[in-house]
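Colleague: I want to learn how to read charged features in a model. Can you walk me through them?

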Amino acid sequence: MDLALTEEQEMLKTAVRGFIQVEYPKETLLEMAAEEQPVTAEPWQRLVATGWLGIAIPQEYGGEGGSFTDAGVLFEELGRGPVPGPHLSSCVLAASAILEGGTEEQKQEWLPALARGERILVPAMTEASYSWAEKDVRSTVRQNGGGLRLDGTKVYVFDAVSATHLLCTARSEESNEVGLVIVPVTADGVEIRSLPGFSWNLAEVKLNDVSVDQDSLVGSSFARGWDALQRAIARTIPVMCAYQVGACQSVYEMSVDYSRTRIQFGRPIGRFQRVEDHIINLVNQLDAARWTTYETLWKLDSGKPATDSIHLAKAVGSAAYYQACNFAHEVHAGVGSVTEYGLTLHTTASRTLYHYLGDPQFHRRRLADALSL
Amino acid sequence: MDFEPTYTPEQEEFRQDVREWLAENVSPDIAHPPDSINITEEQYQLRRGLGRKLGEKGWLWATAPEEYGGGGLSLDHAVVIEEEVDSYGLTIPPYYDSGGRLGGASIMVWGTDEQKQTFLPPIFRGQVRTWQLLTEPEAGSDLANAKMSADRDGDEYVINGQKIYVGSSLGCDYMWTITCTDNEAPRHQNLGWFMIPADLPGITIQPMELLISGGESGAGSGVKNTVFFDNVRVPAFNLIGGENEGWKVATTHLELEHGTGGRIGRNWLVDHLFEYCRENQRNGQPLTKDPDVRDKLIDIYVEAEIARLFNLRNYWMRHSKAEITYEGPQASYWRKMSGLRMSQSILDILGPSALTFDPQWGAAEGHMEAHQRSAIVAIHPGGTADIQKLIMARRIGIGREVREKAGALA
Ligand SMILES: Cc1cc2nc3c(=O)[nH]c(=O)nc-3n(C[C@H](O)[C@H](O)[C@H](O)COP(=O)(O)OP(=O)(O)OC[C@H]3O[C@@H](n4cnc5c(N)ncnc54)[C@H](O)[C@@H]3O)c2cc1C
């Protein structure tokens, strides 16, 4: 048994941490959060230039060909920011969907472009009857001459504002199967609108009679789309969980630091048992997220069955990030609510990630199925 | 025991009067936006106008003594007024006036008769809005560490320092403020409270950006501010309770702020949520018919019912002058922590529609989104959840023979 990272993984971790400290300081993150704009200008371009974002893409398709654990190391560091941007949605989830379901030509065309950040392909999955089930995909696609036509509305689409292309789930009017169709955001009939409020980079995407080429259909068959997406989601969840681990770690460090430096009643607040309790609760959440995630990454890397672990990691990890932020707010009291302080960047991210790719309740149920209960 | 206020025929008649009066005087434009940061000057002025009219009738502070501008009415009348105003989704006063509520009650206990004659009628008649200024960068939970200085100079005090997380948008008339009246004196013997006119020279108000600024029940404040005092000269007359006597005044203020005042009225959040879940479908049936949603809705309902009953009990205890010990902080603690638990249940039920106030995709006109934020922030104002527990422990006498007493109320 050895639960340590390899030397190369430790080096990657150090390099990424250093990069993020320089390129994504709190001020930058706050500015990005205030803007509701694409997050693909600088420093995103410099992040892309490192080549790291190709970590989940095989070398033969222009990626880094990293292991799941390598990707976990990278995303854990991104989560500390929390660094926004379509790294998870485009470079991991959409790339995995192409890898799982695309034709050879599609892999050649898309994967190198995604790895280099030249194109940003964002999955547009959920709709008005919000769920992660196939039956709730109501957007339609039909043959039209030599191409395809799409209609429908996608909601709560994560990172859509930053996309160059959307990877849309849509139901074939002919066969009733749910396939994956690539739609350029510049196509006529595509409208993307950011959703205001406590959400984190969520948008509405309207597809009004949108025409695309026949080769926009992933795997050139409707039948392949949904399953490919499910396999891609399964590969992405552990990486997303690593992001949440890094985020919890950052919230934890903030809280411990504050407990040492904030003086009330003539002593550091960390000396009060109630504040200790909040931080102990927080670190329990953090470590629960960490070890459920790490074991899942290891299982995937070593080819072991991992379905149960994937659901466990997401159920634990998303609840952990949510709760970690709540405990951190208790530790900080007033100052934690001040936007400028930076804790609310995490609080906001934690609420959206709670649901992205399935909320804890959804994954608990899937876990029960996976355990044949 | 009787949980319903018994309505005498006289009360029922009074209710009719109140209803008719409200129907005539509450403008349909008065609705409070879910996030009070969006309250407009017009909406605020409508609310101030309603407050003034209620004040003229003696219905704003119904049980406050008539000689100081209150209504001089019985609790039975006050209950009717509160219920009827609540049915409009409004509070009393219908705008943020924490300094009026808490400062007024403190002056009732600690002010001289002349001070009562001067400061109370404008509050009780709704002519002024007052903020409460307690917190400083180094004095949060540890309020007794307040360092904003008030130095005597002839008939005036000169005030210097800074308060944070205070007030609202759209300004105020008075600032109910705790200061340090003696830098050398020991803790708890160095404080003094002032009613400070907000238009005195040397006061600067700077809005803060928070996750949300409301979180307390009722009229949200809009924004919170840092307020700087630079050689602000306040008449010595405005010192309430005496120099270095501020801590005893604080006990009254804090007692009420910690929830001892109680509250009657329903939880509008639960109403909005239930309505939304009845009217919106999932899997071809109303959300309320989904077994998981039902479980969560009932979790929420149970939390809210307990909070309601704690508040009802405290309202009754206060008005029947029963001896109060830990009940105030208990209600406050429950409200804070149950609010946070409810917000997670709501997120479980509604998904990301609880995270946006988008007119099309945000659940219940943005009320849920506002609650997701305010449930977090609401843990802190008026004493953190931890501080409520600490006070409860002292009042119950956990591990100690001498039980701490509640602050004096009028
Ligand atoms: C939305 C909002 C509105 C507000 N409105 C007002 C207002 O109108 N007027 C006003 O004056 N102030 C207001 N405040 C300030 C509020 O009263 C303070 O934030 C609160 O009292 C806590 O103080 P603090 O933020 O400095 O936290 P701190 O006191 O620094 O607390 C930090 C942590 O230490 C814990 N702690 C501190 N002391 C102890 C102890 N003895 N035992 C155990 N744990 C302890 C706390 O529980 C918390 O977990 C508002 C705050 C917010 C967020």
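Colleague: Which residues form the negative surface patch?

Modeller: This model is predicted. The patch is built from Glu10(B), Glu13(B), Asp17(B), Glu20(B), Glu24(B) and Asp76(B). Helix 1 of chain B, residues 9-25, gives the largest share, five residues.

Colleague: Why does Glu13(B) count as exposed?

Modeller: Exposed means over 50% relative accessible area. Glu13(B) has 57%, so Glu13(B) is exposed. Its place is in helix 1 of chain B.

Colleague: Now salt bridges. How many are found over all chains?

Modeller: The criterion is a side-chain nitrogen of Lys or Arg within 4 Å of a carboxyl oxygen of Asp or Glu. The whole structure has 40 over all chains. One of them pairs Glu303(B) with Arg341(B), with the closest N and O atoms 2.6 Å apart. Glu303(B) sits in helix 8 and Arg341(B) in helix 9 of chain B, so the bridge ties together parts 38 residues apart in sequence.

Colleague: Is Glu303(B) buried or exposed?

Modeller: Buried, at 13% relative accessible area. Arg341(B) is partly exposed, at 37%.

Colleague: What separates Arg373(B) and Glu369(B) in helix 10 of chain B?

Modeller: About one helical turn, because they are four residues apart. They form a salt bridge, with the closest N and O atoms at 2.9 Å. Arg373(B) is buried at 10%, and Glu369(B) is buried at 1%.

Colleague: Which residues do shared partners join into one network?

Modeller: Glu12(B), Arg15(B), Arg19(B), Glu83(B) and Glu84(B), through salt bridges.

Terms used: Residues numbered from 1 in each chain as written. Chains lettered and ligands numbered in written order. Predicted model: local features only at pLDDT ≥ 70, side-chain atom pairs only at ≥ 80, totals over all residues. Heavy atoms only, no water. Patch = residues over 30% accessible without salt bridge, like charges linked within 9 Å, V, L, I, M, F, W, Y side chains within 5 Å. Areas by Shrake-Rupley, 256 points an atom, 1.4 Å probe, with all protein chains shown as cover. Lys, Arg positive; Asp, Glu negative; His and termini not counted. Charge placed at Lys NZ, Arg CZ, Asp CG, Glu CD. Helix = DSSP H or I, 4+ residues; strand = E, 2+ residues; numbered from the N terminus. Buried < 20%, exposed > 50% of the residue type's maximum accessible area, 1.4 Å probe, protein only.
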